[in-house]
Amino acid sequence: MTSDPGPPGRGSAPSAHRATVPPAKEHEPPGRDVSGSGPGAGERDGGHRSHRPWSARRLPAALVASVILVAGFATLVDVIAVRAGRPAAAWRRHLADELATRSVDDVWMLTGAAVAAAVGVWLIVLALTPGQRHWLPLRSPAGCPRLRASLDRDGAARLLRDAAMRVPGVGAAHVRVRRHRVRARADVRFRDPREVKDDLTAVLAEERDQLALARPPRIVVRVRRRAD
């Protein structure tokens with residue numbers, strides 16, 4: 001005859017349950033797994049590398065559409081007028097005469113061809129590049145690869161500057177954030193400038209990693225002694 005098992009004691013089931021949970025997970029602050037310290041942190045923590053958002057190019061598109069619309073409407077109106085028995089517009093007759101009489105090596109012909117080629121190259125570059133160079137893409141979470149987020153460069157620079165001002169010995173700091181590089185200049189009021197530079201580099205690197213950028217930029221620090 002066996003007796004029914006009683007309720008678990010204080011040291012049995014709860015201890016077994018705690019044994020299945022890694023101790024490091026209990027003390028790890030939430031969200032730290034997305035702020036890796038290197039460019040490959042997204043792959044190590046399961047995050048996805050996101051790209052820079054594409055610009056809508058509203059102003060270039062509006063300019064090109066306006067030019068095409070005006071030119072097409074003027075030509076259509078003139079063609080309709082010619083079909084109705086009226087003479088062609090003066091601008092169209094002048095343009096036809098100039099194109100028929102000027103040679104290919106004429107200065108104005110070469111200038112117009114160069115301008116047209118430059119505009120075409122500009123439009124191709126706008127079509128093949130994403131733009132939005134003022135925004136820094138962030139890493140997407142592991143469970144949401146389609147979730148995209150970006151950080152303004154000025155906002156990132158302000159965060160890094162606030163972190164730089166917390167370094168002992170820094171009296172003033174100026175931070176500029178670019179796509180591949182962070183430039184920081186600091187005035188040292190006290191302490192050894194080399195020690196301040198090392199501490200400042202470490203603090204900026206830690207703050208940069210907490211931003212969870214898809215492509216963490218390289219940090220360049222310059223310090224100078226500033227006496228009051």
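**Core, strands and a few odd residues**

At 26% relative accessibility, Arg-191 counts as partly exposed. In this predicted model, Arg-191 sits in the loop that links β4 to α8. Its backbone is a bit unusual on paper: Arg-191 is not a glycine, yet has a positive phi of about 75°. Ala-212 also has a positive phi, of about 60°, without being a glycine. This alanine belongs to the loop between α8 and β5. With a relative accessible area of 11%, Ala-212 is buried, whereas Arg-191 is partly exposed.

The strands on either side of these loops pair up. β3 and β4 make a hairpin, with three residues between them. The two run antiparallel and are joined by seven bridges. Within this pairing, His-174 stands opposite Arg-185 of β4. On to the next pair: β4 and β5 run parallel, with eight bridges joining them. Here Val-182 has Ile-219 in β5 as its bridge partner.

These strands also feed the largest nonpolar core, which has 23 residues. Two or more core residues come from each of α7 (153–165), β3 (170–177), β4 (181–188), α8 (193–210) and β5 (218–225). Val-177, Leu-200 and Leu-204 are the residues with the most contacts inside the core. What does Leu-204 touch, once its neighbours within four places in sequence are left aside? The list is Leu-160, Ala-164, Ala-184, Ile-219 and Val-221. Ile-219 thus turns up twice, as a contact of Leu-204 and as the bridge partner of Val-182.

Elsewhere in the chain, two helix residues are worth a look. Asp-78 is part of helix α4, which covers residues 58–83. Is this aspartate buried or exposed? Its relative accessible area is 6%, so Asp-78 counts as buried. Not counting residues up to four places away in sequence, Asp-78 is in touch with Ala-88, Ala-89, Trp-91 and Arg-92.

Trp-122, by contrast, is partly exposed, at 39% relative accessible area. This tryptophan is found in helix α6, residues 107–128. Trp-122 joins Val-115, Val-119 and Leu-123 in a nonpolar patch on the surface. Together, the four residues of the patch have about 330 Å² of accessible area.

Definitions and conventions
Residues are numbered from 1 along each chain as its sequence is written. This is a predicted model: local features need pLDDT of at least 70, side-chain atom pairs count only at pLDDT 80 or more; totals for chains, interfaces and linings use all residues. Side-chain values use heavy atoms; hydrogens and water are left out. A nonpolar core is a set of buried Ala, Val, Leu, Ile, Met, Phe, Trp, Tyr and Cys residues joined through side-chain atoms within 4.5 Å. Buried means under 20% relative accessible area, exposed over 50%, partly exposed in between (1.4 Å probe, protein chains only). Helices (H or I, at least four residues) and strands (E, at least two) are DSSP runs, numbered from the N terminus. Contact means heavy atoms within 4.5 Å. Patches are made of residues with over 30% relative accessible area and no salt bridge: like charges are joined within 9 Å, nonpolar side chains (Val, Leu, Ile, Met, Phe, Trp, Tyr) within 5 Å. Accessible areas come from the Shrake-Rupley method with a 1.4 Å probe; for residues, only the protein chains shown count as cover. A salt bridge is a side-chain nitrogen of Lys or Arg within 4 Å of a carboxyl oxygen of Asp or Glu. Two strands pair if DSSP finds at least two bridges between them.
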